[in-house]
Amino acid sequence: MPVPDLAAASVFLDFDGTISTTDVGLHLLERLAPPEWKAIDAEYDAGETGSRVCLLDEWDLLPHDADLLRSVAFEVPIDPDLEALVAGLLAAGSEVVVLSDGFGFYAHDVCDGLGIPVLTNAVDWGTGALTFPHEDRCCACSSCGTCKQAPVKEAARRGRTTVVVGDGTSDRKAALLADVVFAKGSLAAWCAANGVVHHRFECLADVGEALL
Ligand SMILES: [Mg+2]
Ligand SMILES: [Zn+2]
């Protein structure tokens, strides 16, 4: 692949299944929720509901116990090359942003020390409510929790070359807008089925090898 000018690039990293080796949100549901979450998730993957409604319904099925949720979230391994990739991109002048349309807290727990923005949903632990500080009701997908299109569009407007790295349903609309797409899992299958040019990756070391 032609390597984009990294000093002019904005790189958007999905969290679940991209930074984490498997999906932390699904792991929490598998471990802690009654099986009703599976039908809710299937509706989302089929495009019948947006992520905001899906996440709210799934959140209702989880215990709102911060210590318990955090300890189960930490069972999911993080890609060992996360720090090296982020450091390499920042050193090359790229902007790096974590974009996660999940329960939010675990993406902050892992990524806040990296010195990059983390745009995701948020739990108000006082009330137990899941909130959406990065929703965008004006965007084309107005039903998402954290809008992944809006920051990609904003970077493109500033003349940045946009790079999206992801694995799942929530990355599709951002992948359609990005200049460069790295995809694995169901996002790679979706890109292939829909003619979206993409680079396959299996782990973040592959992304680093392609870009750095
Ligand atoms: Mg994901
Ligand atoms: Zn959106």
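**View 1. Strand 1 gives the most to the lining of the largest cavity, with three residues.** The model is predicted: local features need pLDDT of at least 70, side-chain atom pairs count only at pLDDT 80 or more, and totals for chains, interfaces and linings use all residues. Residues are numbered from 1 along each chain as its sequence is written, chains are lettered from A and ligands numbered from 1 in the order in which they are written, and side-chain values use heavy atoms, with hydrogens and water left out. Helices (H or I, at least four residues) and strands (E, at least two) are DSSP runs, numbered from the N terminus. A cavity is a set of points, on a 1 Å grid over the protein atoms alone, where a 1.4 Å probe fits but cannot get out; lining residues have an atom within 4 Å of a point. Points are joined across faces, edges and corners, and a volume is the space filled by probe spheres set on them. One cavity of 30 Å³ or more is counted. The largest cavity holds about 30 Å³ of space. Its lining consists of Phe12, Leu13, Asp14, Leu99, Lys148, Val164, Val165, Asp171 and Ala174. Strand 1 (9-14) and strand 6 (161-166) are the elements that give two or more residues to this lining. By class, the lining has six nonpolar residues (Ala, Val, Leu, Ile, Met, Phe, Trp, Tyr, Cys, Pro), three charged ones (Asp, Glu, Lys, Arg) and no polar ones (the others, Gly among them).

**View 2. Three aspartates hold the magnesium ion (ligand 1).** The protein donors are Asp14 (OD), Asp16 (O) and Asp167 (OD), lying 2.1 Å from the ion. Donors are N, O and S atoms within 2.8 Å of the metal (3.2 Å for Na, K and Ca); water is not among the atoms, so sites may look incomplete. Along the chain the donors follow the spacing D-x1-D-x150-D. Asp14 lies in strand 1 and Asp167 in the loop between strand 6 and helix 8 (172-177), so the pair ties together parts that are 153 residues apart in sequence. Asp14 is buried, with a relative accessible area of 5%. Asp167 is buried too, at 17%. Buried means under 20% relative accessible area, exposed over 50%, and partly exposed in between (1.4 Å probe, protein chains only).

**View 3. Asp171 is in contact with Asp14.** Asp171 is found in the loop between strand 6 and helix 8. Asp171 is buried, at a relative accessible area of 3%. Neighbours within four places in sequence aside, the contacts of Asp171 (heavy atoms within 4.5 Å) are Asp14, Lys148, Gly166 and Leu187. Asp171 also belongs to the lining of the largest cavity.

**View 4. Leu187 sits in helix 9 (residues 185-193).** Leu187 counts as buried, at 0% relative accessibility. Sequence neighbours within four places are again left aside: Leu187 then touches Gly166, Asp167, Gly168, Asp171, Arg172, Ala175 and Phe182. One of these, Asp167, is a donor of the magnesium ion. Arg70 is 117 residues from Leu187 along the chain, and their C-alpha atoms are separated by 27 Å.

**View 5. Helix 3 gives the most to the lining of the largest pocket, with four residues.** A pocket is an open set of points with protein on both sides within 12 Å along at least five of seven lines. The largest pocket holds about 430 Å³ of space. Of its 25 lining residues, Asp16, Asp23, Leu26, Asp41 and Tyr44 are the closest to its centre. Asp16 is also a magnesium donor, through its O atom. Helix 1, helix 2 and helix 3 each supply at least two lining residues. The lining divides into seven nonpolar, eight polar and 10 charged residues.

**View 6. Helix 3 (residues 51-61) has its buried residues on the same side.** These buried residues are Ser51, Arg52, Cys54, Leu55, Glu58 and Trp59. They cover an arc of only 160° around the axis, which puts them on the same side of helix 3. The arc is that of the directions from the helix axis to the C-beta atoms. The buried residues pack against helix 1 (24-32), helix 2 (37-45), helix 4 (66-73), helix 6 (105-111), strand 4 (122-124) and strand 5 (129-131).

**View 7. Helix 10 (residues 204-211) and the loop before it.** Leu204, Val207, Gly208 and Leu211 are the buried residues of helix 10. Their arc around the axis is only 100°, which puts them on the same side of helix 10. They pack against helix 5 (82-91), strand 6 and strand 7 (180-183). Cys203 is in the loop between strand 8 (199-200) and helix 10. Cys203 counts as partly exposed, at 28% relative accessibility. Cys203 and Leu82 are 121 residues apart in sequence and 9.3 Å apart in space, C-alpha to C-alpha.
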